[in-house]
Structures are given as C-alpha cells and as structure tokens.
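Subject: Structure handover

Hello,

Here is the structure for your side of the work. Please look through it before reading the notes underneath.

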Amino acid sequence: MGASLSNLADGSSGLGSGPGLGDIPESCVACVFLNLTPPEICNLARLNRAFRGAASSDSVWESKLPANYQDLLDLLPPERYKSLSKKDIFALLSRPVLFDDGTKEVWLDRVTGRVCMAISARGLAITGIEDRRYWNWIPTEESRFYSSVSLMCNDWEFYRERRKRSRVFLGKQEERKGFNLVAYLQQIWWFEVDGVIKFPFPADSYTLSFRLHLGRFSKRLGRRVCSFEHTHGWGIKPVRFELFTTDGQQALCECCLDDTEHDEINGYHKRGCWIDYKVGEFIVTDSDPVTEVRFSMKQIDCTHSKGGLCVDSVFIIPSDLKDRKRGGVLK
C-alpha cells in the first residue's frame, strides 16, 4: 500500500504506465492550494517536485496573508524582510513580532493567517506597580503567549527544515522585555489595571481577554507549587472589566475571581491555574483608520483589601479562534 502511494506521488505506477500526482501541472496544484491551510500546504509540499514548486508560489501565499500585512512588516527592520518571498514573509509573521519597546507582540495565526496580539503586563498601566509593598515582578516561563507561539512555530516540518539552513525566520534573538515577567499583587485596596492599543487591525471580529492567576506559583524540586498566603478579597466584590473603541463600541462585564464554595474534587478550582477572563468583543470593518481600543479591570471598593493575584497579559484574537487557544480556561 505504501509503495503504491509512493509510486503515485512520483508519477509512476507499479505497472510502469498511467498518470500519477507528479503529472499534475504546477499551476493546477497551486489553484488547489489556494483552498488549503498553510499547514496542509507544507505537508503536501513533500510529495513531489510539482507540489513543492506550487507550495513556493507567491500567489498561493499572498492569499494567506492579511490584506495589510505590510503594516506588520513595518514593525520590523527592512533588512529582516527585504527580498523575501511571500512564503517566507508568512513564516516570518507567524512568529511573534515585537513592538512598543518589546511589551507587545503581534503574529499571524498559523492556520488562518489572521492577526492575533498579546500585551504583556509591562505594557499595562497598573496602579501602585512601582511600590514593592503592593506589587512585585516574578520571572516566569509560564507565559501563555510564549509557550503557544513557540509550539505553533515548531509544528511545521516544512519551516523547521528551512530554519536549519537559514536564520531568516528567527533572526537575531530579540529581548522579550515583557513576556518573561508577570505582575504579582501582594495586597492593595485600590486595584486598577488599564491599557490602550492603537493598531491597524484587519477587518474582523476580535475578542479581548485578561489572563490572570490566583496565587503565587514557583518551582520546588522540579515541581510546580502554588502559595495562596496573600490570596484574599476576590470573592467579596466582583472585578469590573471594560473595553471601549474609538468608533463607539463598548463592552462591560463583572466577575468574582475567587469562588467562595469549596469543590471537594478540585478544591478552589479558580486558584492555582491561569484563566482567561473575556472582557468583550469588538468589530473592525477596515484597517484604515487605525483602531484604538481602551480596556481596564478594576476593583476599587476600598472597604476591603485584596491580594494574591498574578497579571500576565491581555490577548486580542479573532473571536472564533478563542477555542483554539492552548491551555488555560476562558471564562
């Protein structure tokens, strides 16, 4: 069976006659590739020369790029993308592109080519963040964005092989100023985290969410452990999440971050794990003019203190892709 498939792929049959996949014109293969996803194209490129040639076609890969992909390239030095093919540009943009002094990252979803973004805690305005009586910065490798993007990029055998021969996809290792740290709140009375992003998002529907963790985590003897010594106050009053856009769209929701009822099986199941709290959705109809989104999370009832919370990042991703985000729980 395997031999028969191999013969079909290279254009021959076991009887030495009859057409095979290798006889399909490259232009026809390229037309088929227009309807496939990038991972599917990369897998089929290994079949034979015609498929490999079609998988390198600029017309195929330009159809996978967002209409304003040049706006993303403009965030990079010109030498990083000058003279690259559209296939190489897609591979380059499927990796994180840093901007705003390394506190924000944007990338293309590897299956759909749609624009996704992450904003680190360093890119947010956090009340009292400079006062170590209230907040601390914790080094971590648990960044949801860091692990998911690394996994997405390493999935592609086709690109992995090319990266062995060229540094065009990785470039010089850039400093990730924001995504190796999370902000840890020990205790505070006035809790407020604000953010704003101005970006030429392509036309799409987007979901904005905060990634939070109740309790302080660390590694001990190679195992992950959590401390809830400072975790308090999140079950008394809800946290208020909001977003506003320049064209008048807004969303508001409230949520208690800490469950007061104990689950005999899972314990306090909101504690000790990263949870994505959905703030709301907004719709972009055109990348010009640039979309401005303001967002916040607040618990400013000063009748009680609260603490023991990690703030990792804010995600803005196409709404129907949220279920494909790896790890965590979306509330």
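The notes below go from the whole chain to strands, core and aromatic rings.

Please keep in mind that this is a predicted model.

Overall make-up

The protein chain has 10 helices and 16 strands. It is 331 residues long, and 49% of them count as buried. The exposed surface of the chain comes to about 16,500 Å², with 51% of that area supplied by carbon and sulfur atoms. Among contacts with a separation of 6 or more, 74% are between residues 24 or more positions apart.

Strands

Strand β8 covers residues 204-214, and 10 of its 11 residues are buried. Which strands does β8 pair with? One partner is β13 (residues 274-284), joined to β8 by 10 bridges in the antiparallel sense. Within that pairing, H213 has W274 of β13 as its bridge partner. Another partner is β15 (residues 309-318), also antiparallel to β8, over nine bridges. There, Y206 is bridged to P318 in β15.

A separate group of five strands makes an open sheet, in the order β4-β7-β14-β11-β12, with antiparallel pairing. Its edges are β4 (125-126) and β12 (250-255), each of which pairs on one side only. Strand β11 (residues 239-245) is joined to β12 by six bridges and runs antiparallel to it. One of the bridged pairs there is L243 with A251 of β12.

Strands β9 (residues 216-220) and β10 (residues 223-227) are antiparallel and share five bridges. They form a hairpin with two residues between them. In the turn, L221 has a positive phi of about 55°. Across the hairpin, S218 is opposite V225 in β10.

Nonpolar core

As background, nonpolar side chains in soluble globular proteins tend to be buried together. In this model the largest nonpolar core holds 66 residues. Those with the most contacts inside the core are L93, F210, F241 and F295.

What does F295 touch beyond its neighbours within four places in sequence? Its contacts include I119, L124, I197, L208, F210, L243 and V314. The list also has D194 and E242 in it, along with V193, G195 and V196. L243, named here as a contact of F295, is the residue bridged to A251 in β12.

Helix α8 is mostly covered, with eight of its eight residues buried. The buried residues of α8 include K86, K87 and D88 as well as I89, F90, A91, L92 and L93. L93 thus appears both in this buried helix and among the residues with the most contacts in the core.

Aromatic pairs

The count of aromatic pairs is 13. In one of them, the ring centres of W61 and F90 are 5.3 Å apart and the planes are at 55°, so the pair is tilted. W61 belongs to helix α5 (residues 58-62) and F90 to helix α8 (residues 86-93), so to speak of sequence, the two are 29 residues apart and the pair links distant parts of the chain. Are W61 and F90 buried or exposed? W61 is buried, at a relative accessible area of 0%, and F90 is buried at 0% relative accessibility as well.

F201 and Y206 form another pair: the centres lie 5.1 Å apart and the planes are at 55°, so this pair too is tilted. F201 is buried at 0% relative accessibility, and Y206 is buried at 1%. F201 and Y206 also belong to a cluster, in which ring pairs link them with F99, F199 and F282. Y206 is also the residue of β8 that is bridged to P318 in β15.

A charged residue and a loop

R122 lies over the face of W137, 4.0 Å from the ring centre. R122 is 21 residues from D101 in sequence, with a C-alpha to C-alpha distance of 9.8 Å. D101 sits in the loop between β1 (97-99) and β2 (104-108). With a relative accessible area of 55%, D101 is exposed.

Regards

Technical notes: Residues are numbered from 1 along each chain as its sequence is written. This is a predicted model: local features need pLDDT of at least 70, side-chain atom pairs count only at pLDDT 80 or more; totals for chains, interfaces and linings use all residues. Side-chain values use heavy atoms; hydrogens and water are left out. Rings of Phe, Tyr and Trp (its six-membered ring) pair if their centres lie within 6.5 Å; planes under 30 degrees apart count as stacked, over 60 as edge-to-face and the rest as tilted. Helices (H or I, at least four residues) and strands (E, at least two) are DSSP runs, numbered from the N terminus. Buried means under 20% relative accessible area, exposed over 50%, partly exposed in between (1.4 Å probe, protein chains only). A charge sits over a ring if NZ of Lys or CZ of Arg is within 6 Å of the ring centre and within 35 degrees of the ring normal. Two strands pair if DSSP finds at least two bridges between them. Contact means heavy atoms within 4.5 Å. Accessible areas come from the Shrake-Rupley method with a 1.4 Å probe; for residues, only the protein chains shown count as cover. A nonpolar core is a set of buried Ala, Val, Leu, Ile, Met, Phe, Trp, Tyr and Cys residues joined through side-chain atoms within 4.5 Å.
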